Amino acid sequence: MENGLALLLLKNLTAAALKLSLGILACLGLFEATLQANPALLLRGMALPAPVDPPIMTQVYDVRSSDADLFFWVPDLIRPIPPETDRVEAHVVFETDEFGFPNAAPLPAGVEVVVLGRSYSVGAQSSDPWPRALARLTGYKVLNLSQGASGIDLKRAYLERFGLLRRPRWVIVEVLPSMDIMGYTPIPSTLVQGLVVPTIQELARRNRTGGSNNEVDPIFPVEVDMPGRKAELTFFAYYLSALTADGPSILASQQWATYTRHLSDLAQETRANGACLVLLYAPTKANVYFPLAEDLSQLEPALVGVTAWRLGEEGWLVGDPRVKVDVAAMQANASAARDLVATYARQQPWLFVDPTQAMTKAVLNGESPFMAYDTHWSDLGHKLVAQELASALEGADCP
C-alpha cells in the first residue's frame, strides 16, 4: 500500500515538474518574442544586438564625483566623500536618436565618420563627448553607434545595420583591450540568454546604496608619487587585473586570435563599402598612471580584488587567484596590449590613434583626463581624444 502511494506521489511530482518546465519554456519563448519586437524594453547598457535605450530622448543631468558605478566600484573600499569635495564633474545633455544611439535626431542620410565603441565613446558622463567634439573640430558628420558593453561582434552588427548605408569615409573602432580582447564574449544567441548578468548588475546597483556587512578597510583613493606631483587615485579592479597579462601571453591566446579575426572581417567589410578603418586605443587609468608611479609600494593597497591572468592549457587567458599579483610586473605590462594592437594595425595597414601620450602629458601638468572615482574619461580626456583623432584624420588618406 505504502509503495503504491509512493509511486503515485512520484508520478504526480514528475508530471508537475514536467508541466512547470514546459510552462517556463513557454514563458521564455513569449518573453524572447516580446524582446525581439520591443528591444527598448531591455536594460540600458546590455550587450545585445539592438539599441537598448528608448529612442529620441534628451536627458539633462549633472555627474558628481560620487556618481561612480556602484556595481564596479565596491563602496566599502572607498573612503567617505566629504560634501565639499563631491564636485560636479560634468553638466550633461544626453541625446539619443531614432534608433537609441547617442546622436541628435534625425540622423542624416550620409556621414563621413561612423564610431563603434563602448561606454567610453558613448560619453554619458561627459559635457562634450569626443564624437561630438570631433564633428565640431573637423566639420565632419559623425554617427556615433557606440553602446555600453558592445563587443566586436555587436559593433559589426551595428555597422551593417545602421552605419554602412550612410556611406562613411571613416569607421572608428574603439579598442579597450581588457574588455574587447581579454574579456571577449560572443553575442548571445537569444536576447533572453543575455538578460541574466545585466539583471543582476542592475539589482546590485539599486541595492548597494547603503552600508555593507563586509568588514574591509577603505583604501581608495590611494596617494601615488609621480614626477613633480602626487595624485589621489581610485582604480577598477578588472582593469588592474588586465595588467597582469604580458604581451607574449596575450599574443598567444585564443582571445587574441578570435578578436583579430573578427576585427579583420569588420575591416574587409568596411573596405568593400569604400571606407577606411581607424583603431582608437582606449587607455584606462591603470594604463596611464601605473607607468608614472615612482614608489610601487604605494600601489599595493589597490590590489585588493585583483586576480592575475595566465595562459591556460587550451590557450585561453583565464583568471587564476593562485597566481601572485606583482606590481612591478603590472607596471611593465601597462602598454603590452596597446603595443600589440598598434603593431597589428600597422601590419594591415590601418590608422591607429593612441591618446595615451596626450593624457600622460596632461597628468604631469597637474590635470586629470579621468573622472575622480569613475573609470571613464573626464571632459578633458574626451577633449584630448577628439584632438588626437582630428589631427590623425586630417593628415590621413582614404579613397
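Visitor: Why does Ala149 count as partly exposed?

Guide: Buried means under 20% relative accessible area and exposed means over 50%, with partly exposed in between (1.4 Å probe, protein chains only). Ala149 has a relative accessibility of 36%, so it counts as partly exposed. One thing to know up front: this is a predicted model, where local features need pLDDT of at least 70 and side-chain atom pairs count only at pLDDT 80 or more, while totals for chains, interfaces and linings use all residues. Residues are numbered from 1 along each chain as its sequence is written, and side-chain values use heavy atoms, leaving out hydrogens and water.

Visitor: What makes the phi of Ala149 worth pointing out?

Guide: Phi is positive there, about 70 degrees, although Ala149 is not a glycine. You'll find Ala149 in the loop between β4 and α4. Helices (H or I, at least four residues) and strands (E, at least two) are DSSP runs numbered from the N terminus.

Visitor: Why is Arg167 called exposed?

Guide: Its relative accessible area is 60%, which puts Arg167 in the exposed class. Arg167 sits in the loop between α4 and β5, and its phi is positive too, near 50 degrees.

Visitor: And how do you know whether Met182 is buried or exposed?

Guide: Check the relative accessible area again: at 4%, Met182 is buried. Met182 lies in the loop between α5 (177-180) and α6 (196-207). Contact means heavy atoms within 4.5 Å. Apart from neighbours within four places in sequence, Met182 has contacts including Tyr238, Ile250, Trp309 and Leu317.

Visitor: What makes a set of residues a nonpolar core?

Guide: The members are buried Ala, Val, Leu, Ile, Met, Phe, Trp, Tyr and Cys residues, joined through side-chain atoms within 4.5 Å. Here the largest such core has 61 residues, and Trp130, Phe235 and Leu389 are among those with the most contacts inside it. Helix α14 (residues 379-394) is the biggest contributor, giving six residues. A second core, separate from that one, has 38 residues, including Val114 and Ala337.

Visitor: How do you know that the length of α14 agrees with its 16 residues?

Guide: The expected span is 1.5 Å times one less than the number of residues. For α14 that comes to 22 Å, and the end C-alpha atoms are 23 Å apart, so the two agree. Leu384, Leu389 and Leu393 are among the residues of α14 that are buried. The cover over the buried residues of α14 includes β5, β8, β11 and α13 (356-364).

Visitor: What makes β3 and β5 a strand pair?

Guide: Two strands pair if DSSP finds at least two bridges between them. Strand β3 (residues 113-116) and strand β5 (residues 170-175) have four, in the parallel sense. One of the bridges has Val113 partnered with Trp170 in β5.

Visitor: Which order do the five strands of the open sheet take?

Guide: The order is β4-β3-β5-β8-β11, with parallel pairing. β4 (142-144) and β11 (351-353) are the edge strands, since each pairs on one side only.

Visitor: How about β6 and β7: how many bridges join them?

Guide: Five bridges, with the strands running antiparallel. β6 and β7 make a hairpin with two residues between them, and Gly228 in the turn has a positive phi of about 80 degrees.

Visitor: At what angle do α4 and α9 pack?

Guide: About 10 degrees, with the axes 10 Å apart. The term for this follows from the cut-offs: under 35 degrees is roughly parallel, over 145 roughly antiparallel, 65 to 115 roughly perpendicular, and the rest oblique. That makes α4 roughly parallel to α9. Among the residues making the contact are Ile152 and Leu159 of α4, and Tyr259 and Leu266 of α9. The axes are lines fitted to C-alpha atoms, for helices over the stretch in contact, and the angles run from 0 to 180 degrees between N-to-C directions.

Visitor: Which residues does the cis peptide bond with omega of about 0 degrees join?

Guide: Phe220 and Pro221. Pro221 is in the loop between α6 and β6. Another cis peptide bond joins Ala105 and Pro106, with omega about -5 degrees.
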